[in-house]
Amino acid sequence: ATLRKERMRQELRPSQPEGLVILPNFISATEEQALVAELLAPSRPRLDKAHLRFSNTVQQEYGPRISDAMEVVEGAPPLSMPLLTAKLAARVASEADRLGLQARLG
């Protein structure tokens, strides 16, 4: 199994920059449309970061609430990822594991 994972990593490397893994057709066009609709829905919480220097972004954050000072906001409930997005995140983690890709921490 380890040899097969190493072969897969080697097959991915020649055509892709280091650190970037592209898996063609990992999601279908239908899944893509559903994810876009889910994430861009007007009901999704958005953070307007325009007040920060050099920022013109509106973003979505999930998990613990983080302040502009990059500190956990105590007492604020975490925001859950939308359902389809959470399922995709789990698929990405599973595929990374299957390919033998390890997160580099630290």
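A residue counts as buried when its relative accessible area is under 20%, as exposed when that area is over 50%, and as partly exposed in between. These terms come up throughout the walk through this structure, which is a predicted model.

Start with the overall layout. The protein contains 3 helices and 2 strands, and along the sequence they follow the pattern α-α-β-β-α. The chain has 106 residues, of which 13% count as buried. Its accessible surface comes to about 8,500 Å², and carbon and sulfur atoms account for 59% of that surface. Contacts can also be sorted by how far apart the partners are in sequence. Among contacts between residues at least 6 apart, 41% join residues at least 24 apart.

Next come the charged side chains. Side chains of opposite charge can pair when their charged atoms come close. In this model the count of salt bridges is 2.

One of them joins Glu31 and Arg91, with 2.9 Å between N and O. Glu31 belongs to helix α2 (residues 29-40) and Arg91 to helix α3 (residues 83-98), so this salt bridge ties together parts that are 60 residues apart in sequence. Glu31 is partly exposed, at 33% relative accessible area. Arg91 is partly exposed as well, with a relative accessibility of 32%. Arg91 has a further neighbour to look at: it lies over the face of Phe26, 4.6 Å from the centre of the ring. As for rings paired with other rings, the count of aromatic pairs is 0.

The other salt bridge links Glu95 with Arg98, and their closest N and O atoms are 2.6 Å apart. Both residues sit in helix α3, 3 residues apart, which puts about one helical turn between them. Is Glu95 buried or exposed? Its relative accessibility is 16%, and the cut-off for buried is under 20%, so Glu95 counts as buried. Its partner Arg98, at 35%, counts as partly exposed.

Glu38 is a charged residue without such a partner. Glu38 lies in helix α2. It is buried, yet it has no salt bridge. Which side chain of opposite charge is nearest to Glu38, and how far away is it? It is Arg44, at 6.5 Å. A salt bridge needs a side-chain nitrogen of Lys or Arg within 4 Å of a carboxyl oxygen of Asp or Glu. Leaving aside residues up to four places away in sequence, Glu38 touches Arg44, Pro82, Leu83, Leu84 and Thr85. Of the residues in that list, Leu83 falls within the range given for helix α3 (residues 83-98).

Leu40 is also found in helix α2. Unlike the buried Glu38, Leu40 is exposed, with a relative accessible area of 59%. Leu40 and Gln60 are 20 residues apart along the chain, and 9.8 Å separates their C-alpha atoms.

The last stop is a point about the backbone. Most residues other than glycine have a negative phi. Asn25 is not a glycine, but its phi is positive, at about 60°. Where does Asn25 sit? It is in the loop between α1 (2-12) and α2. Asn25 counts as exposed, with a relative accessibility of 75%.

Methods. Residues numbered from 1 in each chain as written. Predicted model: local features only at pLDDT ≥ 70, side-chain atom pairs only at ≥ 80, totals over all residues. Heavy atoms only, no water. Helix = DSSP H or I, 4+ residues; strand = E, 2+ residues; numbered from the N terminus. Buried < 20%, exposed > 50% of the residue type's maximum accessible area, 1.4 Å probe, protein only. Phe/Tyr/Trp six-rings, centres within 6.5 Å; stacked < 30°, edge-to-face > 60°. Lys NZ or Arg CZ within 6 Å of the ring centre and 35° of its normal. Lys, Arg positive; Asp, Glu negative; His and termini not counted. Contact = heavy atoms within 4.5 Å. Areas by Shrake-Rupley, 256 points an atom, 1.4 Å probe, with all protein chains shown as cover.
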